[in-house]
Amino acid sequence: MKNDFSVFIIPHESETFSRWMGRGHANEGVVGIACALTLIDGGLKAQNLGLPAQCVLLDYPGCKHWRQSEISTEINLDRIQEILNL
């Protein structure tokens with residue numbers, strides 16, 4: 001394997017940084033994939049923890065921040081591969 005990393009899918013932003021609270025972050029970082037509002041909040045939380053972070057916007061907003069009802073969105077896999085150097 002070219003890169004050694006773990007992937008965690010976190011269903012709600014309230015659980016995003018619980019694994020990093022109160023410990024060091026050597027050789028760790030996070031790639032957040034979400035709508036703009038969630039990424040801004042998450043980026044600030046990561047910064048406050050001293051955790052390097054990259055953000056990937058969803059291809060289009062589908063969450064309840066932007067619409068009356070939620071719809072499925074898509075992830076830009078090319079951008080993720082670029083960030084992870086795959």
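## Briefing on a predicted chain

Lys45 has a relative accessible area of 34%, and it therefore counts as partly exposed. That value, like the others below, was computed from a predicted model. Lys45 is a useful place to start, since its side chain meets that of Asp41 in a salt bridge, and the bullet points below go from the whole chain to its helices, its charged pairs, a surface patch and one proline.

**The chain as a whole**

- The protein chain contains two helices and two strands, and when it is read along the sequence these elements follow the pattern β-α-β-α.
- The chain has 86 residues, of which 20% count as buried.
- Its accessible surface comes to about 6600 Å², and carbon and sulfur atoms account for 52% of that area.
- If one takes the contacts between residues at least 6 apart in sequence, 47% of them join residues that are at least 24 apart.

**Helix H1 and its two sides**

- Helix H1 covers residues 36-48, which makes 13 residues, and the distance from its first C-alpha to its last is 18 Å, close to the 18 Å expected at 1.5 Å a residue.
- Which residues of H1 are buried? They are Thr38, Leu39, Gly42 and Ala46, and because the buried residues fall within an arc of 95° when seen down the axis of H1, they line one face of the helix.
- The cover over these buried residues includes strand S1 and strand S2 (53-57), whereas Ile40, Gln47 and Asn48, on the other side of H1, are exposed.
- Just after H1 comes Gly50, which takes a positive phi of about 70°.

**Salt bridges within helices**

- Side chains of opposite charge can pair when their charged atoms come close. In this model the count comes to two salt bridges.
- In the pair formed by Lys45 and Asp41, the distance from N to O is 3.2 Å. Because these two residues are four residues apart in helix H1, they are separated by about one helical turn.
- Asp41, with a relative accessible area of 29%, is partly exposed, and Lys45, at 34%, is partly exposed as well.
- The other pair is Arg79 with Glu82, whose closest N and O atoms are 2.8 Å apart. Arg79 and Glu82 lie three residues apart in helix H2 (residues 77-84), so about one helical turn separates them.
- Is each partner in this pair buried, partly exposed or exposed? Arg79 counts as partly exposed because its relative accessibility is 30%, while Glu82, at 57%, counts as exposed.
- An α-helix has 3.6 residues a turn, so residues three or four places apart point the same way.

**A nonpolar patch on the surface**

- Phe5, Val7 and Ile9 form a nonpolar patch on the surface, and together they have about 340 Å² of accessible area.
- Phe5 is found in the segment before strand S1 (30-34), and because its relative accessibility is 33%, Phe5 counts as partly exposed.

**Pro61 and its surroundings**

- Pro61 has its place in the loop between S2 and H2, and with a relative accessible area of 40% it is partly exposed.
- Which residues does Pro61 touch, if those up to four places away in sequence are not counted? They are Trp66, Arg67 and Thr73.
- Pro61 and Ala36 are 25 residues apart in sequence, and their C-alpha atoms are 8.2 Å apart in space.

Technical notes:
Residues are numbered from 1 along each chain as its sequence is written. This is a predicted model: local features need pLDDT of at least 70, side-chain atom pairs count only at pLDDT 80 or more; totals for chains, interfaces and linings use all residues. Side-chain values use heavy atoms; hydrogens and water are left out. Patches are made of residues with over 30% relative accessible area and no salt bridge: like charges are joined within 9 Å, nonpolar side chains (Val, Leu, Ile, Met, Phe, Trp, Tyr) within 5 Å. Accessible areas come from the Shrake-Rupley method with a 1.4 Å probe; for residues, only the protein chains shown count as cover. A salt bridge is a side-chain nitrogen of Lys or Arg within 4 Å of a carboxyl oxygen of Asp or Glu. Buried means under 20% relative accessible area, exposed over 50%, partly exposed in between (1.4 Å probe, protein chains only). Contact means heavy atoms within 4.5 Å. The expected span of a helix is 1.5 Å times one less than its number of residues. The arc is that of the directions from the helix axis to the C-beta atoms.
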